[in-house]
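Student: Could you take me closely through one part of this model, the surface that lies near one of the DNA strands, and then follow the element that matters there into the rest of the assembly?

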Protein chains: 2
Amino acid sequence: MNSRFAVAVHILTLLEQQQGEPVTSEYIAGSVNTNPSLVRRLIGMLAKAGIADSQLGTGGGALLARPAAKITLLDVYRAVGEGELFALHRERPNPACPIGRNIQAALESHFDAASRALEEQLRRVTIADMLADVRKQDRRRGSHVA
Amino acid sequence: MNSRFAVAVHILTLLEQQQGEPVTSEYIAGSVNTNPSLVRRLIGMLAKAGIADSQLGTGGGALLARPAAKITLLDVYRAVGEGELFALHRERPNPACPIGRNIQAALESHFDAASRALEEQLRRVTIADMLADVRKQDRRRGSHVA
DNA sequence: CCCATCTGTATCTAAAACGGTTACAGACTC
DNA sequence: GAGTCTGTAACCGTTTTAGATACAGATGGG
């Protein structure tokens, strides 16, 4: 559904590639193929989470707030607000029904377990890994052509 | 976001409790606290996936299509169309950028790993487990009052 | 054979989320 | 002071979801 996570990882990988050089939202938007304003909105979320930072004025732009090896995909996932994977019933189920009054608690424990499994996977990968992956892909792509 | 998964599990747990007796969409809607038509829509999805079945006419209603111990939460998850957890960029990233032309492939492999971890958790729990959980919860709830 | 029951499905509406876009004030560099 | 760039608010069109109504068709009972 939500492409914010993918775009945020894209942005951060790009920042890491620039090694501390501030990158403008317009440049980033050119790589992502979207709008500079949308990029700034995302960077705002990342900044609020302590992942990215930005400098105003001429020569300004965005940069990583800490080493790429210390930024996990889980950090990013949470920063862009992908909070709840599963939703419970919109209306509270009927408390007069034995199933109705207990199903949500039962669901929640399994939802939590599944969410934790997913997050554990995301925690294993960092932005540094992502840049390495991208570079490896690019080398492979090059040899295809040659 | 999407409460279909929670409601579908609720419905199936209710069906299992009735042990082969057809249950009307109106009765189910009473437990879920929603609309009979919405329940029928969901049961339609479950039927298409071979999980539930229904009988028309007087005395009709929905029932499980196979033993509850053979219906996993993953089956239900897929039946109600919770297909893709992660989305890639809406617009294709700039192929002229080294990051842009490789980021999606890199993302996909990690997205797949995370999705698989989540699905593996869901596969471990069946509708029979859910009914057992609900009953255990209910006993605990009873002793609270007493 | 007819009637009551219940499903299956189509349609409509309201609300929410998302991405895309424009606009502009404020901060910073030169 | 001029030019640059961010931060943020506002708005729109699209899509998704859930809630609701309506009705044709199948089924079973009398």
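Tutor: In this predicted model, the surface near DNA strand C draws at least two residues from each of several elements, namely helix H3 (36-48) of chain A together with helix H2 (25-32), helix H3 (36-48) and strand E2 (61-64) of chain B. The largest share, 6 residues, comes from H3(B). Of the 29 residues around DNA strand C, those that come nearest are A:Ser3, A:Ser37, A:Gly57, B:Ser25 and B:Ser54. By class, the residues of this surface divide into 6 nonpolar, 17 polar and 6 charged.

H3(B) itself can be examined in more detail. With 13 residues at 1.5 Å a residue, H3(B) should span 18 Å, and its end C-alpha atoms are indeed 18 Å apart, so the expected and modelled lengths agree. Within H3(B), the residues B:Val39, B:Leu42, B:Ile43 and B:Leu46 are buried. These four cover an arc of only 100° around the axis, and therefore lie on the same side of H3(B). The general background is that an α-helix has 3.6 residues a turn, so residues three or four places apart point the same way. On the other side of H3(B), by contrast, B:Ser37, B:Arg41 and B:Lys48 are exposed. The cover over the buried residues of H3(B) includes helix H1 (4-17), H2, strand E1 (52-55), E2 and helix H4 (73-79), which also belong to chain B. After H3(B) comes B:Gly50, where phi is positive, near 75°.

The other strand can be read in parallel. Around DNA strand D there are 29 residues, of which A:Ser25, A:Ser54, B:Ser3, B:Ser37 and B:Gly57 are the closest. Here H2, H3 and strand E2 (61-64) of chain A, together with H3 of chain B, are the elements that give two or more residues, and H3(A) supplies the largest share, 6 residues. The surface near DNA strand D is made up of 6 nonpolar, 17 polar and 6 charged residues.

The relation between the two chains provides the setting for these two surfaces. A turn of 180° with a shift of 0.0 Å along the axis lays chain A on chain B with an RMSD of 0.0 Å. The two copies are thus related as by a two-fold rotation axis. Moreover, 100% of the interface residues of chain A are also interface residues in chain B, so the copies meet through the same surface.

That contact takes 49 residues from chain A and 49 residues from chain B. On the side of chain A that touches chain B, helix H1 (4-17), helix H2 (25-32), helix H5 (103-123) and helix H6 (127-145) of chain A each supply at least two residues, and H5(A) gives the most, with 12 residues. This side of chain A has 27 nonpolar, 16 polar and 6 charged residues.

One further backbone detail deserves a careful look in each chain. In the loop between H1 and H2 of chain A lies A:Gln19, whose phi is near 40°, a positive value in a residue other than glycine. Most residues other than glycine have a negative phi. A:Gln19 is exposed, with 9 other C-beta atoms within 10 Å. In chain B, B:Gln19 is placed in the loop between H1 and H2, its phi is likewise positive and near 40°, and B:Gln19 counts as exposed with 9 C-beta neighbours inside 10 Å.

Definitions and conventions. Residues numbered from 1 in each chain as written. Chains lettered and ligands numbered in written order. Predicted model: local features only at pLDDT ≥ 70, side-chain atom pairs only at ≥ 80, totals over all residues. Near = placed C-beta within 6 Å. Nonpolar A, V, L, I, M, F, W, Y, C, P; charged D, E, K, R; others polar. Least-squares fit on C-alpha atoms with pLDDT ≥ 70 in both. Contact = placed C-beta atoms within 7 Å. Expected span 1.5 Å × (residues − 1). Buried ≥ 20, exposed ≤ 12 C-beta atoms within 10 Å, placed from the backbone. Arc of directions from axis to C-beta.
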